[in-house]
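Here are my notes on this one, written up as numbered points. Have the viewer open while you go through them.

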Amino acid sequence: MNSYGIPVIDGHSHFPVPRIAPHSSDAADVKMARRQAALAQARAESQAKWRRMWGFSQPERSSSPIDELAERWIEDLDNKAVEKIVFVTGQDNDTLAGIVRQHPERFVGYAHHDPFRSDAPQELERAVRDLGLKGYKAIAPALDGDIADRSLWPLWERVEELGIPVLIHFGPLGGVGGIAEHHNINPIKIHEVAKAFPTIPIIIPHFGCGFPNELLRLCWACTNIYTDTSGSNEWVRWMIPDTTLSDLFRKFLETIGPDRIIFGTDSSWFPRGFSQPYLHEQLRICRSLNLSVTDLAKVFGGNISRLLGLTVAV
């Protein structure tokens, strides 16, 4: 057994596939680029402060080939005694499926294409049945359309048929220069979908990311709603009245219980790799709340293992 005393599965991370930024010499685009540069500088300063808070190194500038990154992840998981990791994004479905195939015993992937694609249900079926992906991820505040729109019912019906969980990000997105207001920002938005499809496990990450009260109401009405603990959860510092991560764990544990809470880190880049400080902090909080070993095992691996049908004895 590892030093944590329980098997650990990271239920929410991102494979850092390099992106190529488009280049344009159009005058309007140049002006926009200047504005974006100002935002990028402000964002960089904010992120540097956040990294200092957690003792994280600056992300590497050079991008390694995908195969090398996959091997690096395996080494990192081994060093930090993590059983498996769920990558909820990785450029596109085919790319992420190829990454998972390199280490199917350790990597799990989610489909993450646009739900408003005309072929979104068919693409989801292909991603699950042909590519072997095990869930579906969407970022609600990044969508132009209404995530509760009836036009998406065929997608949810396909999710239901496939028997997979859905992870949907709600709340602010991206920090400085990001999204703070949007028609899809509040998790209560998914209320009618969750009621219409009660057998679909819907995971709302980051304890609701600024909307914990709304998420709790959603969990009260819909027993198929789960939450995950991923990321630094720095958003709690911006809440009135003051809220702490310990407060969130206590409230969610006493309302929805340990069966609907899923550990995650939102890890993505090296040299940080798997964000072990998040694991240590969350384990400390849960132990201070006197969770049994059985309940700890559920939160930190068992629940996501059950939802995804993984072969890990937790």
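Are F263 and F300 buried or exposed? Point 3 has the answer; keep in mind throughout that this is a predicted model.

1. Start with the aromatics. I count 13 aromatic pairs in the structure. Take F207 and F252 as an example: the ring centres are 5.2 Å apart and the planes make an angle of 55 degrees, so this pair is tilted. For a pair to count as edge-to-face, the planes would have to be over 60 degrees apart. In sequence the two residues are 45 apart, with F207 in the loop between β6 (202-204) and α7 (212-221) and F252 in helix α8 (residues 245-255), and the pair links these distant parts of the chain.

2. Both partners of that pair are out of reach of the probe, or almost. F207 has a relative accessible area of 0%, and F252 has 1%, so each falls under the 20% limit for buried.

3. Next, F263 and F300, which form a tilted aromatic pair with 5.2 Å from centre to centre and 40 degrees between the planes. The pair ties together parts that are 37 residues apart in sequence, because F263 lies in the loop between β8 (261-262) and α9 (276-288) while F300 belongs to helix α10 (residues 293-308). As for the opening question, F263 and F300 are both buried.

4. Rings also join up beyond simple twos. F15, W73, F87, F107 and F270 are linked by ring pairs into a cluster, so it is worth selecting these five together in the viewer.

5. Two arginines sit over aromatic rings. R150 lies over the face of W153, 4.4 Å from the ring centre. The other case is R272, whose charged end is over the ring of F56 at 5.1 Å from the centre.

6. On to empty space, and the second largest pocket. Its volume is about 240 Å³. The lining comprises 14 residues, and those closest to the pocket centre are P212, N213, T243, L248 and K251.

7. Which helix gives the largest share of the lining of this second largest pocket? That is α8, with 6 residues. Both α7 and α8 contribute at least two residues each to the lining. Helix α8 is also where F252 of the first pair is found.

8. Finally, the chemistry of that lining. The second largest pocket is lined by 7 nonpolar, 2 polar and 5 charged residues. K251, one of the residues closest to the centre, is of the charged class.

How values were computed
Residues numbered from 1 in each chain as written. Predicted model: local features only at pLDDT ≥ 70, side-chain atom pairs only at ≥ 80, totals over all residues. Heavy atoms only, no water. Phe/Tyr/Trp six-rings, centres within 6.5 Å; stacked < 30°, edge-to-face > 60°. Helix = DSSP H or I, 4+ residues; strand = E, 2+ residues; numbered from the N terminus. Buried < 20%, exposed > 50% of the residue type's maximum accessible area, 1.4 Å probe, protein only. Lys NZ or Arg CZ within 6 Å of the ring centre and 35° of its normal. 1 Å grid on protein atoms, 1.4 Å probe; cavity = no way out; pocket = protein on both sides within 12 Å on 5 of 7 lines; lining within 4 Å. Points joined across faces, edges and corners; volume = space filled by probe spheres on them.
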